[in-house]
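Work through these exercises with the model open beside you. Try each task before reading its solution.

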Amino acid sequence: MLTYPSIDPVAVSLGPFQVHWYGLMYVIGFIAAWWLGRQRAERIGLTRDDVGDLLFYGALGVVLGGRLGYALFYGLDQWLADPLWILRVWDGGMSFHGGLLGVLLASWIFARRKGLAFFTLTDFVAPLVPIGLGAGRIGNFINHELPGRLTDLPWGMPFPGMGPEPRHPSSLYEALLEGLVLFVVMWWVSAQPRRRGFVSGLFLVLYGVFRFAVEFVRRPDPQLGFIAFDWLTMGMLLSLPMILAGLLLMGWSRRQPTP
């Protein structure tokens with residue numbers, strides 16, 4: 001059994017001003033996406049300055065969509081009891097699926113502005129996302145969020161505030177799969193031109209499969225529990241449409257041109 005590392009969720013504190021590790025993880029993700037995007041911007045007719053504009057649109061989509069999605073999917077009762085809670089983003093509580101919808105809306109608006117095909121832009125954006133996902137899961141780990149289920153595996157660790165029993169470090173599993181593994185696969189696949197929509201579809205399928213799998217060792221959200229069958233969680237339920245949409249998109253892409 002491992003010991004859960006004791007890390008102060010506040011990275012820097014200067015009087016009343018505090019910088020949380022969770023927020024810094026988002027900054028790391030945005031900087032990585034900006035740097036990587038500038039390396040390939042010309043492939044779809046964007047300038048390096050355009051990548052900064054795209055990042056601004058994407059950041060709004062991630063934060064607004066992620067927070068609103070979490071409030072609707074996981075914390076509706078808490079939001080109704082404390083309306084200002086939705087503004088306290090630094091306390092954690094972001095939904096990937098809500099953030100994805102926010103990014104898709106932001107991408108649609110940006111694509112219309114630049115005269116790009118929507119899926120040409122999402123194919124460009126998809127490989128830029130995983131580093132931010134992985135960093136965000138590390139932020140969850142530091143914030144003592146997303147506890148795993150009980151385990152007797154040697155890397156299990158007691159979760160702060162949940163007793164001495166070892167649990168799966170599920171947020172680290174997600175950081176590995178949704179962050180490192182997904183980035184390596186997406187960056188490699190997208191290195192060569194692909195038919196429009198293929199990269200976007202692959203991202204949806206892989207993320208959905210990874211998230212669905214980890215949900216089996218991640219403790220269900222206590223305010224929701226299991227949605228059905230004593231094993232189906234909200235994370236699984238939201239991932240299933242992603243997998244289906246990704247498969248359909250990959251099939252559709254076979255009839256599309258290669259940009």
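**Exercise 1: F118 and its neighbours**

F118 has a relative accessible area of 25%, so it counts as partly exposed. The cut-offs are these: buried means under 20% relative accessible area, exposed over 50%, and partly exposed in between, with a 1.4 Å probe and protein chains only. The model is predicted, so local features need pLDDT of at least 70, side-chain atom pairs count only at pLDDT 80 or more, and totals for chains, interfaces and linings use all residues. Residues are numbered from 1 along each chain as its sequence is written, and side-chain values use heavy atoms, with hydrogens and water left out.

Task: Classify F119 and S107 by accessibility, and find what S107 touches.

Solution.
- Step 1. F119 is at 26% relative accessibility, so it is partly exposed.
- Step 2. S107 sits in helix α4. Helices (H or I, at least four residues) and strands (E, at least two) are DSSP runs, numbered from the N terminus.
- Step 3. S107 has 4% relative accessibility and therefore is buried.
- Step 4. Set aside neighbours within four places in sequence: S107 then contacts F118, L121 and T122. Contact means heavy atoms within 4.5 Å.

**Exercise 2: Aromatic pairs**

Task: State which geometry Y57 and F110 adopt, and where the two residues lie.

Solution.
- Step 1. Know the rule. Rings of Phe, Tyr and Trp (its six-membered ring) pair if their centres lie within 6.5 Å; planes under 30 degrees apart are stacked, over 60 edge-to-face, and the rest tilted.
- Step 2. The rule yields 15 aromatic pairs.
- Step 3. In the pair of Y57 and F110, the centres are 5.5 Å apart with 70° between the planes, which is edge-to-face.
- Step 4. Y57 is in helix α2 (residues 48–73) and F110 in helix α4, 53 residues apart, so the pair links distant parts of the chain.
- Step 5. F110 is buried, because its relative accessibility is 0%.
- Step 6. F118 and F119 also pair edge-to-face, at 5.1 Å centre to centre and 65° between the planes.

**Exercise 3: Helix α6**

Task: Check the span of helix α6 (residues 130–142), then decide whether its residues are mostly buried or exposed.

Solution.
- Step 1. The expected span is 1.5 Å times one less than the number of residues.
- Step 2. For the 13 residues of α6 this gives 18 Å; the end C-alpha atoms are 19 Å apart, which agrees.
- Step 3. Ten of the 13 residues are buried, so α6 is largely enclosed by the rest of the structure. Among them are P130, L133, R137 and F141.
- Step 4. The buried residues of α6 pack against α1 (21–40), α4, β3 (157–158), α7 (170–189) and α8 (198–214).

**Exercise 4: Positive phi**

Task: Say where H144 and D230 lie.

Solution.
- Step 1. Most residues other than glycine have a negative phi.
- Step 2. H144 is not a glycine, yet its phi is positive, about 60°. H144 lies in the loop between α6 and β3.
- Step 3. D230 also has a positive phi of about 60° without being a glycine. D230 lies in the loop between α8 and α9.
- Step 4. H144 is partly exposed, because its relative accessibility is 33%. D230 is exposed, because its relative accessibility is 68%.
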